[in-house]
Amino acid sequence: MTSLNSIADSIPGYDRNDMPVDAVHDFLAEMLAPVSGSETVALFDALGRIVARDVISPVNVPPHDNSAMDGYAFHGESLRAGQPLQLECIATALAGHAWSGSVAAHQCVRIMTGAVMPPGLDTVVPQELTRTAADGGIVIPADAIRAGGNRRSRGEDLTQGSVALARGEPITPAALGLLASLGLARIEVSRRLRVAYFSTGDEILEPGEPPREGAVYDSNRYALFGLLARLGVQVIDLGAVRDEPLQLEAMLRRAADSADAVITSGGVSGGDADHTRALMKQLGEVAFWRIAMRPGRPMAVGWLARGAGAERCALFGLPGNPVAAMVTFLVFVRPALLRMMGCGRTETPCLQAVCTEPLRKRPGRTEFQRGVVSRSQDGSLQVRTTGNQGSGMLSSMVHANGLIVLPHDRGAVQPGERVEVMMFDGLI
Ligand code: AMP
Ligand code: MG
């Protein structure tokens with residue numbers, strides 16, 4: 001098993017006390033691999049799961065040439081440049097009812113969208129482009145249409161034997177539709193990742209309890225629950241523990257036994273009452289970092305041993321400050337869990353927007369400021385901050401619709417400059 005130290009040696013820029021954000025990403029990519037195991041589920045249970053094995057198309061989609069319009073099907077070679085064409089309509093082809101008579105060069109078949117093209121016909125003229133002559137013939141005006149137009153070819157969406165959905169693809173609504181279009185009722189997906197989480201701290205109060213002097217309500221557990229539920233993992237809520245070594249140890253052992261990954265919040269910053277660090281080290285192999293980022297400086301990453309065997313569970317020790325916990329989750333833990341889930345797309349999409357206000361920023365750390373992206377009058381995207389960026393201000397996470405990402409080397413931002421924004425949509 002690769003040790004954390006040997007991974008650290010292979011990561012450019014690794015510095016436990018001033019860890020660049022990119023080095024954290026590299027480290028996690030090196031440390032974590034997809035968990036093994038898959039199951040076959042019905043399509044209605046597959047949304048948000050990850051494809052475990054390439055899906056090979058068993059059929060052509062569409063299965064036959066068909067009409068893209070309501071109109072008249074005919075032989076495209078009958079068209080003459082600069083001349084109208086009059087055709088005699090001899091039959092009707094409806095969707096689901098193939099018509100397979102033969103059609104001469106001066107004839108056509110009335111056809112509906114999705115109906116199979118009658119044998120030999122290659123072109124459809126939309127009904128609205130035609131007129132009916134006094135004798136009942138269908139007239140196509142000169143140059144109204146090109147040969148081959150408005151016909152969908154067999155297999156143009158997917159050909160039989162091709163990869164319709166690749167292993168590692170997340171199953172989106174479109175992917176569900178695609179699978180159904182192949183006639184598949186079930187799909188093999190990676191097994192659901194089990195993620196346990198709990199909060200730590202003597203000051204932590206459970207919502208519903210009466211307020212107490214010096215105590216704060218446990219917000220991290222709820223925010224983490226939401227973030228994890230959105231990821232589609234199996235969420236294991238273990239509650240909260242005091243900064244008390246025996247309780248903490250029992251909780252960490254229980255978490256390691258029940259999950260593929262454990263997320264804690266609080267107690268990793270090295271304060272006096274924080275036993276978490278010592279215990280985590282004792283129960284597995286854990287690296288403690290001070291990350292060159294804001295918010296979210298302290299973080300612990302590593303493995304906890306499971307029972308007495310060689311099995312282990314990934315550990316993410318997040319900072320206690322509520323915004324820092326959410327930001328470190330979004331920036332590091334989410335892609336790491338997606339990787340463990342077997343998902344091939346772990347990058348969070350970003351967009352560019354023009355910043356409307358000056359931002360203070362010093363080179364040498366990555367900053368994530370809570371931003372509100374909107375459309376400016378000329379239609380382009382602009383972003384402002386939510387104001388005070390204190391790392392305990394959860395209200396700013398609620399008001400923001402994304403995180404402005406100011407990279408490691410960047411300095412202050414002037415109004416009018418472009419910045420990257422990691423959008424919350426679909427994540428939060
Ligand atoms: P810590 O990382 O344990 O030093 O905590 C840093 C700050 O975050 C302190 O002000 C804690 O009270 C606060 N905090 C820690 N855990 C939570 C939690 N679960 N919910 C809300 N605030 C928390
Ligand atoms: Mg604490």
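User: How does strand β23 pair with β24, parallel or antiparallel?

Analyst: To read a pairing, look at the direction of the strands and then at the bridges. In this predicted model, β23 (residues 366–375) and β24 run antiparallel and are joined by 5 bridges. One pair to look for is R375, which stands opposite L381 in β24.

User: Which residue takes a positive phi in the hairpin of β23 and β24?

Analyst: That residue is G379, with phi near 95°; the hairpin has 5 residues between its strands.

User: Which way does β22 run against β24?

Analyst: β22 (residues 350–355) and β24 (residues 381–385) are parallel, with 2 bridges between them. Here V354 faces Q382 of β24.

User: Where does domain 4 fall in the division of the chain?

Analyst: Domain 4 takes in 351–423. Domain 3 is 66–152, whereas domain 1 (4–37 + 192–341) and domain 2 (47–58 + 162–190) are each given as two segments. Between the C-alpha centres of domain 1 and domain 2 the distance is 32 Å.

User: What is the strand order in the sheet that contains β13?

Analyst: A sheet is read by listing its strands across, not along the sequence. This one is open, has 6 strands with mixed pairing, and runs β16-β13-β17-β21-β20-β18. From one strand to the next the twist averages 15°.

User: Why is one side of β16 and of β18 left without a neighbour in the sheet?

Analyst: β16 (234–241) and β18 (284–290) are the edge strands, and each has a single partner strand, so one side of each has no neighbour in the sheet. For a pair within the order, take β17 (residues 261–265) and β21 (residues 312–318), which are parallel and share 5 bridges. I263 is placed opposite F316 in β21.

User: What is the order in the sheet that contains β7?

Analyst: That open sheet has 6 strands in the order β7-β4-β6-β5-β9-β8, and its pairing is mixed. β7 (123–126) and β8 (131–132) are its edge strands, each pairing on one side only. Within the sheet, β5 (residues 85–93) and β9 (residues 138–140) are antiparallel over 3 bridges, and Q86 has V139 of β9 as its bridge partner.

User: Which residues come nearest to ligand 1?

Analyst: Begin with the residues around the ligand, then go to atom pairs. Ligand 1 has 16 residues around it, of which E203, D218, S219, G267 and G320 come nearest. Backbone N or O atoms of G267 and G320 lie 2.8 Å and 3.0 Å, respectively, from an oxygen atom of ligand 1. For S269, a side-chain N or O atom is 3.5 Å from an oxygen atom of ligand 1.

User: How much of the accessible area of ligand 1 does the protein cover?

Analyst: On its own, ligand 1 has 480 Å² of accessible area, and the protein covers 77% of that. β13 (194–200) and β15 (216–217) are the elements that give two or more residues to the shell. By class, the shell has 10 polar, 4 nonpolar and 2 charged residues.

User: Where is the peptide bond between R294 and P295 cis or trans, and what is omega?

Analyst: Omega separates the two forms. The bond joining R294 and P295 is cis, with omega about -5°, and P295 sits in the loop between β19 (293–294) and β20 (298–305). Another cis bond joins V61 and P62, with omega about -10°; P62 is in the loop between β2 (55–56) and β3 (66–67).

User: What is the phi of D143?

Analyst: D143 is not a glycine, yet has a positive phi of about 55°. D143 lies in the loop between β9 and β10 (151–152).

Conventions:
Residues numbered from 1 in each chain as written. Chains lettered and ligands numbered in written order. Predicted model: local features only at pLDDT ≥ 70, side-chain atom pairs only at ≥ 80, totals over all residues. Heavy atoms only, no water. Domains from an automatic or database assignment. Near = heavy atom within 4 Å. Polar contact = N/O pair within 3.5 Å; in protein donor to acceptor, adjacent residues only side chain to side chain. Areas by Shrake-Rupley, 256 points an atom, 1.4 Å probe, with all protein chains shown as cover. Helix = DSSP H or I, 4+ residues; strand = E, 2+ residues; numbered from the N terminus. Nonpolar A, V, L, I, M, F, W, Y, C, P; charged D, E, K, R; others polar. Pairing = 2+ DSSP bridges. Axes fitted to C-alpha atoms, helices over the stretch in contact; angles between N-to-C directions.
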